[in-house]
Amino acid sequence: TTRMKGRIAITSALVICISAYYSYNSSLHSDDTEEVSDAETTNEKNILEIKDQNNTSLIDNSKIIIRIRNQFDIAARQLLPTLRIKITEVIDIDVTVRKIKELRASAIPDKAALEDDLWNELKISSFCTLFVTSYMLSSVCSLLRIQLHLLAKNFPFDISGVGSCDEKFSSLIQGTFHHLFGQGMLLLSNFIREKVIEVLNPWIVKDMLQVTFQDLLEVMVKIRRSIEDDFSTLINLIFIPPEANTNILSGNEAHTVQKLLFQIWDLLESPMFQGAFSESLNSCFKLIFIALRRNVFLPPNNTMFEGTDHSQLPMRTVALASLLPQIKAVALRLLPQAPSSPSTSSFNSSHELSPEIREVASGPLLDHFCLSIFTHA
């Protein structure tokens, strides 16, 4: 079944992610020549200087920070394609599209009302795809970075290639991302669906023939404000409370990992995380707005204006029915597709995370939040 395939996809992703992490960690014992750009390391070095004053080697800390970033890349390259698959399973727009086509080809009397209902469902599902993608992408990037920095804080020699925190990492991944890609996403999707229905109720697809970019921007802002009205509720929906992991954790590191999960939960409930998470979401929505504006609302021949300020160009209006597939496409385009022949080696190769993922995962507030986890006692 589709649900069974989804569970298999999650398990496969986690296994490959953990295997890649093991392989990467074991290859780092003698590799201390990684490079990062000056722009990326300037803030990190300033913060790390604080710890260096307490007789901690700045060079060693910098190496650990570089390795944390590389380990994030390895995990994200596996988790994000799986996230894309799961979102399309939880919000299956193709079924509704197929029903609309079948209805139009049928001879059912009074089918206008049925078609209206299907278009309404397509409207809801398209916007749900956009918002679930944004919140899940931000959640995966934020949680993974927090986990890796917390491991570095608690087991600095392990994560730098001396010793092993493989079992701890494995337990953290299994104890959090199984929930995040499973029950967490379902709860979030249902919650977002309620907000989308409430805000978009006046938008009747067949009547909305001239939607402006400003119209779209306004309803998306309303939906987001409604979703984030109670931030603690949002956190509880997406992330698994540490006490719920009791039956998931096993092995020699269960007690240690349980303590880490409680530390992660405290961090997720902090005001600093709310700011970092909002920053990540801002990046997501900015990328979506730019793509929709460029691909949908600017004139088709806008390439002739290359190098000009697009904000000054005239924009067209579009029918809502034409806008809906673009909303889905732009949202899912943020997430990488899985390779045709997924394997551990393919995710350890030179595949790079997209600039869009970098922007979502590397905002100044999230950078500072994660570095403060690593450097502060």
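Reader: What percentage of the 377 residues of the protein count as buried?
Author: In this predicted model, a residue is called buried when its relative accessible area is under 20%. Judged in that way, the share of the protein's 377 residues that count as buried is 51%.

Reader: How many helices and how many strands are there in the protein?
Author: The helices and strands of the predicted model can be counted one kind at a time. Strands number zero in the protein, while the number of helices is 15.

Reader: Which helix gives the most to the largest nonpolar core?
Author: The largest nonpolar core has 104 residues, and F127, F131, Y135 and M220 are the ones that touch the most other members. The helix that gives the most to this core, with 21 residues, spans residues 111-154 and is helix α5.

Reader: Is L80, which is found in helix α3, buried or exposed?
Author: L80 belongs to the helix that runs over residues 58-90. Its relative accessible area is 0%, and because the cut-off for the buried class is under 20%, L80 is buried.

Reader: Which residues is L80 in contact with, leaving aside its neighbours within four places in sequence?
Author: Contact here requires heavy atoms within 4.5 Å. L80 also has Q337 at 8.1 Å, C-alpha to C-alpha, although the two are 257 residues apart in sequence. With the neighbours within four places left aside, the residues in contact with L80 are L137, V140, L335, P336 and I357.

Conventions
Residues are numbered from 1 along each chain as its sequence is written. This is a predicted model: local features need pLDDT of at least 70, side-chain atom pairs count only at pLDDT 80 or more; totals for chains, interfaces and linings use all residues. Side-chain values use heavy atoms; hydrogens and water are left out. Helices (H or I, at least four residues) and strands (E, at least two) are DSSP runs, numbered from the N terminus. Buried means under 20% relative accessible area, exposed over 50%, partly exposed in between (1.4 Å probe, protein chains only). A nonpolar core is a set of buried Ala, Val, Leu, Ile, Met, Phe, Trp, Tyr and Cys residues joined through side-chain atoms within 4.5 Å.
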